[in-house]
Amino acid sequence: MNSNSLLFAFGAITFLVSFSWFKYAAIEVFKRELNSNSANQGVWSKLFKVFLVDWLVCILGVLGTGILFVTVFNLAH
């Protein structure tokens, strides 16, 4: 594994860790919303939409942050 691949992996891990902290906070808010809403209609469709958005954000964030780490490293050398 060369330095660019290693930096890309570190960038990807950095993004995923920070995004998971954000998602933990969002889940807590969603739990409160579920407890306050007695009807619970449309919860599964809302969860599926959130899943799709999160999946796309993770893909783009991992690629973007990995590329950013490698680019900054290459510019510094």
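1. A quick term before we start: a residue is called buried here when its relative accessible area is under 20%. Please also keep in mind that this is a predicted model. With that cut-off, the buried residues of helix H1 are Leu-7, Gly-11, Ala-12, Phe-15, Phe-19, Lys-23 and Phe-30. Helix H2, residues 43-76, is part of what covers them.

2. On to the two helices themselves. H1 runs over residues 3-36, which gives it 34 residues. From first C-alpha to last, H1 reaches 50 Å, close to the 50 Å expected at 1.5 Å a residue. H2 also has 34 residues, and its end-to-end reach is 48 Å, again close to an expected 50 Å.

3. How do H1 and H2 pack, in terms of angle and axis distance? The angle is about 150°, and the axes are 7 Å apart. Because an angle over 145 degrees counts as roughly antiparallel, H1 is roughly antiparallel to H2. The crossing in which H1 passes H2 is right-handed.

4. Now the H2 side of the packing. Val-43, Asp-54, Gly-61, Val-62, Thr-65, Gly-66 and Val-70 are the buried residues in H2, and they pack against H1. In the other direction, H2 is among the elements covering the buried residues of H1. If you are colouring the model by accessibility, these two lists, for H1 and for H2, are the ones to compare with your picture.

5. Two charged residue types appear in those lists, so which residues does Lys-23 touch, beyond those up to four places away in sequence? Lys-23, found in helix H1, touches Val-50 and Asp-54. Lys-23 counts as buried because its relative accessibility is 17%, under the 20% cut-off.

6. Asp-54 has its place in helix H2. At 17% relative accessibility, Asp-54 is likewise counted as buried. Leaving aside neighbours within four places in sequence, its contacts are Phe-19 and Lys-23, and both of those partners are on the buried list of H1.

7. The pairing of these two residues deserves a look in your viewer. The side chains of Lys-23 and Asp-54 make a polar contact at 2.7 Å. Along the chain the two residues are 31 residues apart, while their C-alpha atoms are 8.8 Å apart in space. This polar contact links a residue of H1 to a residue of H2.

8. Val-62 is another residue of helix H2. Is Val-62 buried or exposed? Val-62 is buried, because its relative accessible area of 18% falls under 20%. Once neighbours within four places in sequence are set aside, Val-62 is in contact with Phe-8, Ala-12, Phe-15 and Leu-16. Among these partners, Ala-12 and Phe-15 are buried residues of H1.

9. One last distance for Val-62. Val-62 and Ala-9 are 53 residues apart in sequence, and 8.7 Å separates them in space, C-alpha to C-alpha.

Key: Residues numbered from 1 in each chain as written. Predicted model: local features only at pLDDT ≥ 70, side-chain atom pairs only at ≥ 80, totals over all residues. Heavy atoms only, no water. Helix = DSSP H or I, 4+ residues; strand = E, 2+ residues; numbered from the N terminus. Expected span 1.5 Å × (residues − 1). Buried < 20%, exposed > 50% of the residue type's maximum accessible area, 1.4 Å probe, protein only. Contact = heavy atoms within 4.5 Å. Axes fitted to C-alpha atoms, helices over the stretch in contact; angles between N-to-C directions. Parallel < 35°, antiparallel > 145°, perpendicular 65-115°, else oblique. Left-handed = near helix turned anticlockwise from the far one by under 90°. Polar contact = N/O pair within 3.5 Å; in protein donor to acceptor, adjacent residues only side chain to side chain.
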